[in-house]
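Here are a few exercises to work through with the model open beside you. Try each task before reading its solution.

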Amino acid sequence: MASAMLIVGTWVSSRIEQAVIESQGASAAVYLESFLSPLSQELAENDTLSQPAQRALIEVFGQTALGERIVSYKIWKPDGTVVYASDANIIGHSFEITPDLEKALSGQVSASFEALDELENRAEAALGIPLLEVYTPIRESWTGRIIAVAEFYERAETLENELARASRNSWLLVGLIFLASGGLLYGIVLAGGRLIASQRQQLQAQLKETKAISAQNVALRKRAVSASSRAIAQAERTLRRVGSDLHDGPAQYMALASLRLDSALPQGEHQNKDAEQVKNSLKQALLEIRTISRGLALPDLDELDIERLTKRAVQEFSNLSDLETRVNMACNPNETVLNYAQKLCIYRFLQETLANASRHARAEKADVNVRCESAAISVAVQDSGRGFDPTSALKLRSDGGQGLLGMIDRAESIGGAVDIQSQPDNGTTITLTLPLGEP
Ligand SMILES: Nc1ncnc2c1ncn2[C@@H]1O[C@H](COP(=O)(O)OP(=O)(O)OP(=O)(O)O)[C@@H](O)[C@H]1O
Ligand SMILES: [Mg+2]
């Protein structure tokens, strides 16, 4: 604002100064031209002034009140020659045409104050008093043609005082306006600052509250994940026990019953037919119980680290399928600590994705890539088969197929995620990511 004030103040005061000088110059020019014009008409024809005209000029400037105000004058021809002047030494000399002279030759009055730096002004500058320098055109009476230019120097002590006053006033006004607007601006900024400070305080309070709620949410989520992990582990353990109980209990008894039935029943066609039916039913029941118990069976995951668990799942799958499966392990099994629910999730994930690759992809090979980082483990199963559209495959289906959905639910319930990248005819990569560390 201070710089702006300086620029505006300088500009305004210089404009005012210029305006005052010009109006003063113009009124002096009009006054003087009324004397000079009749005396200078002969310059339309001649290059010099006649003796009577010169005498008249001397009288006008020497013996009237005008002479007291005008300290010096010159009459120029348009070519830059001084035809007549109060300083007899320069009469008849030619000088370079100055911009002021040129302006007057083009028909305008030109006035300036204290700029006596030209060669022809040496005498005026030597006087050491403030002077107003005015150039005014002299026109031919009837045609209006500019036949000469009168240059004169008027004493300007009053003008100097007036200029100083005008400049002082304009600086005062500019200063006051800037002070007022500065004060106003300061008030606005102060009020704005207070508002911002109070809003910041409110925001900080809200932030604190939000942080507390967020911490609460994290704690709740941790509890939910760990409860869900425990529930899943519990359910899977129960299923596993049911599976082995079925296998070791009812299946063994049925096998025994079927064996004994042969020897216990008497031979005969009629009885043989009934016995055959009982035997077949027993065989069928035995087969189904074994299938159910195999489906429920799981290796003892507590015993397995990530490397052995992966190899085990792949091995068991290879026993049932021709799909060639390679395992790439980027994990240090000793550093990667997984809980039971996580191991179970990875095992079921491998079972499901490998089964899908074999059943749906029509691929010959699949890759299992396991990577461990400090905060997460990722298991990706990649095949180069025919691919599919994941959005439609993830809709609930009427035929009961829910392998992918179940897998996603299982992973999310213990804080993990499943990413499916697949395009028709362009292979499939399904990646399971689980957080490591606390559940
Ligand atoms: N690797 C794959 N390549 C090609 N298609 C796949 C692949 N994995 C899944 N799909 C497609 O996605 C569908 C859904 O798979 P999802 O595992 O959910 O069900 P499903 O395998 O048909 O049945 P379920 O797994 O319950 O026995 C499949 O029917 C199949 O069309
Ligand atoms: Mg499936």
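**Warm-up: a buried tyrosine**

Tyrosine 73 has a relative accessibility of 8% and so counts as buried; buried means under 20% relative accessible area, exposed over 50% and partly exposed in between, with a 1.4 Å probe and protein chains only. The model is predicted, so local features need pLDDT of at least 70 and side-chain atom pairs count only at pLDDT 80 or more, while totals for chains, interfaces and linings use all residues. Residues are numbered from 1 along each chain as its sequence is written, chains are lettered from A and ligands numbered from 1 in the order in which they are written, and side-chain values use heavy atoms, leaving out hydrogens and water.

**Exercise 1. Find which residues form an aromatic cluster with Tyr73.**

Step 1. Rings of Phe, Tyr and Trp (its six-membered ring) pair if their centres lie within 6.5 Å; planes under 30 degrees apart are stacked, over 60 edge-to-face, and the rest tilted. The whole structure holds four aromatic pairs.

Step 2. Phenylalanine 61 and tyrosine 73 have ring centres 3.9 Å apart and planes at 20 degrees, so they are stacked. Phenylalanine 61 sits in helix α2 (residues 51-63) and tyrosine 73 in strand β1 (residues 70-76), so the pair ties together parts twelve residues apart in sequence. Helices (H or I, at least four residues) and strands (E, at least two) are DSSP runs, numbered from the N terminus.

Step 3. For tyrosine 73 and tyrosine 84, the centres are 6.3 Å apart and the planes at 35 degrees, so this pair is tilted. Tyrosine 84 is buried too, at 7% relative accessible area.

Result: Phe61, Tyr73 and Tyr84 make up one aromatic cluster.

**Exercise 2. Work out which residues coordinate the magnesium ion (ligand 2).**

Step 1. Donors are N, O and S atoms within 2.8 Å of the metal (3.2 Å for Na, K and Ca); water is not among the atoms, so sites may look incomplete.

Step 2. Glu352 (OE) and Asn356 (OD1) coordinate the ion at 2.0 to 2.1 Å.

Step 3. Glutamate 352 and asparagine 356 are four residues apart in helix α10 (residues 340-361), so about one helical turn separates them. Glutamate 352 is partly exposed at 21% relative accessible area, whereas asparagine 356 is buried at 14%.

**Exercise 3. Trace how strands β6 and β7 pair.**

Step 1. Two strands pair if DSSP finds at least two bridges between them. Here, β6 (residues 324-330) and β7 (residues 365-372) are parallel, with seven bridges.

Step 2. Alanine 330 has arginine 371 in β7 as its bridge partner.
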